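This report concerns the fold, the interior and the surface of one protein chain. The sequence and the structure are shown first.

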Amino acid sequence: MLQKLFVSRYVCWVIFFFLLFKIIGLATFSIRSNNSKKKRSEVVLSFIATKFGITYNLLLSCLTLASTYISIPGRYYMEYEGKTIITRTIEIFQGILGTLMIYIILICYCMNQATLVRIGNRLIHIEAELRRLQQPINGTRVICSLLAVYVFQLGLFIVTLVTDNIAFQSNFVEWLTDIVPATFASCLIIQYFTVLYLINVAFVNVNRALESLCKKWLDYNCLESSYRSCRVFVNNFSIQSIFQLRDVHEHLCDVSADVSKVYSLPILNCVVFIFYTLVYTAYYLLHPLIYKNEILSTAIVINTIFWIIFFLYPLGLLTTKVTALVSEIGKTETFVNASLKLTIDRQLKAELKQFSLHLLHRKIKFTADGFFDLDNTLLKMIFGTTVTYLVIIMQFQTTTPLSTICCYNCTT
């Protein structure tokens with residue numbers, strides 16, 4: 001009864017998260033749940049392609065383009081103290097960049113619907129295979145971890161929104177050019193993190209099974225010759241286990257390759273937009289330190305800091321998870337090579353060599369359309385490049401310094 005209750009809660013949370021992504025256009029497909037034929041208490045999820053999702057995304061993309069007729073002129077004619085040609089140019093370009101980012105991502109989801117459906121169904125199939133191998137994924141831990149990430153991101157969004165309204169009394173135009181693109185970019189990164197988190201959990205279970213087999217072979221190799229018949233039985237069982245683990249690993253590699261390909265162009269647009277906004281936000285945060293006659297209010301400083309955290313938090317989650325996933329994939333090769341040294345059975349060695357050959361030819365990388373890797377080096381690159389561009393912007397700021405910035409939204 002408790003297991004059935006947990007399964008229903010698990011499915012409810014998955015459907016809830018899915019609906020949130022679907023509303024903002026980050027899920028063109030649909031989700032379907034039905035009872036398993038073997039176990040009535042078990043609910044099986046599956047993803048299916050729908051034309052409605054594509055139509056919905058196309059409608060959102062058209063509305064996004066149409067919003068530029070309000071946001072761009074509104075930014076151009078908006079009056080505030082300290083307005084210069086540089087600030088106006090940066091604001092207009094940011095509005096155009098945010099609109100293009102949303103439009104490109106929505107179209108990419110329409111074009112890659114079939115691949116996204118295949119990724120979701122393969123992950124469900126892999127989870128079932130791991131259960132058959134007695135290496136089930138801990139659903140409670142997965143849901144709790146993802147729920148903590150989502151709740152923290154939602155809380156960060158609410159705090160940022162409230163402080164922004166207190167500091168600048170944001171209007172509808174600022175929502176279109178600042179808050180909507182920023183929220184959309186953070187949701188995409190959180191979704192990418194979620195997919196990588198599920199893949200990483202599956203790789204961890206595969207490596208745990210390989211490590212367990214490796215320890216068993218080490219123990220049985222220490223047996224005396226009178227136990228060879230038992231060792232033969234163990235090797236036959238090990239051959240079957242290695243074959244199944246290799247099959248699961250191949251599926252995981254295929255899913256990882258598909259995920260890297262599908263998200264490469266959308267994540268490139270997100271990173272470019274986030275980098276541009278971080279530079280602009282940091283510029284207004286540091287501007288009073290250079291021109292000593294300017295003073296920022298406490299509310300503006302707090303809001304600016306929260307905006308920076310709002311961008312860096314999902315990006316930090318993504319880069320950390322990519323680094324952990326690549327490291328976990330590398331551990332598989334270590335366990336397989338260690339097992340090759342321990343086993344003495346010819347058939348088992350042949351299976352392990354084939355597994356090792358598979359690992360040699362499957363190098364998984366997560367990049368932003370090939371321009372840069374999405375590991376922890378990305379944050380280092382962003383910090384370094386942001387400092388460089390801040391210096392350049394300060395050098396080109398030849399107009400009169402801002403007398404006050406209290407009436408201007410530094411998050412644009």
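The text below moves from the overall architecture to the interior, then to individual residues, the surface and the cysteines.

**Overall architecture**

The model is predicted. Its protein chain contains 10 helices and 2 strands. In sequence order, these elements follow the pattern α-β-β-α-α-α-α-α-α-α-α-α, which places one helix before the two strands and the remaining helices after them. The chain has 412 residues, and buried residues account for 50% of them. Of the contacts between residues at least 6 apart in sequence, 82% join residues at least 24 apart.

**The nonpolar core**

In soluble globular proteins, nonpolar side chains tend to be buried together. The largest nonpolar core of this model comprises 100 residues, among which Y192, I199 and V259 touch the most other members. Helix α7 supplies the most residues to this core, namely 23. Leaving aside residues up to four places away in sequence, V259 is in contact with I119, Y192, V195, L196 and I199. Two of these partners, Y192 and I199, are the residues named together with V259 for touching the most other core members.

**Buried residues of helices α7 and α8**

Helix α7 spans residues 228-290 and includes H249. R246 also lies in helix α7. The table gives the relative accessible areas of these two residues, together with those of F335 and two cysteines.

| Residue | Relative accessible area |
|---|---|
| H249 | 0% |
| R246 | 9% |
| F335 | 19% |
| C108 | 9% |
| C253 | 1% |

H249 counts as buried because its relative accessible area, 0%, is under the 20% cut-off. Beyond its sequence neighbours up to four places away, H249 touches F203, V206, T332, F355, H358 and L359. R246 is likewise buried, with a relative accessible area of 9%. With the same exclusion of residues up to four places away, the contacts of R246 are E351, Q354 and F355. F355 therefore appears in both contact lists, for H249 and for R246, and both of these residues are buried.

F335 belongs to helix α8, which covers residues 298-342. At 19% relative accessibility, F335 counts as buried because the cut-off is under 20%. Outside the range of four places in sequence, F335 touches N207, L210 and E211. F335 and E211 are 124 residues apart along the chain, yet their C-alpha atoms are separated by 6.3 Å.

**Surface**

The accessible surface of the protein chain amounts to about 20900 Å², and carbon and sulfur atoms contribute 65% of it. L154, I158, V162 and I166 make a nonpolar surface patch of about 370 Å². One of these patch residues, L154, is found in helix α5, which runs over residues 139-168.

**Cysteines**

How many disulfides does the structure hold? The structure holds 0 disulfides. For C108, the nearest cysteine sulfur is that of C110, at 9.2 Å. A disulfide requires sulfur atoms within 2.5 Å, so C108 is in no disulfide. C108 is buried at 9% relative accessible area, and C253 is also buried, at 1% relative accessibility.

Methods: Residues numbered from 1 in each chain as written. Predicted model: local features only at pLDDT ≥ 70, side-chain atom pairs only at ≥ 80, totals over all residues. Heavy atoms only, no water. Buried < 20%, exposed > 50% of the residue type's maximum accessible area, 1.4 Å probe, protein only. Helix = DSSP H or I, 4+ residues; strand = E, 2+ residues; numbered from the N terminus. Contact = heavy atoms within 4.5 Å. Areas by Shrake-Rupley, 256 points an atom, 1.4 Å probe, with all protein chains shown as cover. Patch = residues over 30% accessible without salt bridge, like charges linked within 9 Å, V, L, I, M, F, W, Y side chains within 5 Å. Salt bridge = Lys/Arg side-chain N within 4 Å of Asp/Glu carboxyl O. Core = buried A, V, L, I, M, F, W, Y, C linked by side-chain atoms within 4.5 Å.
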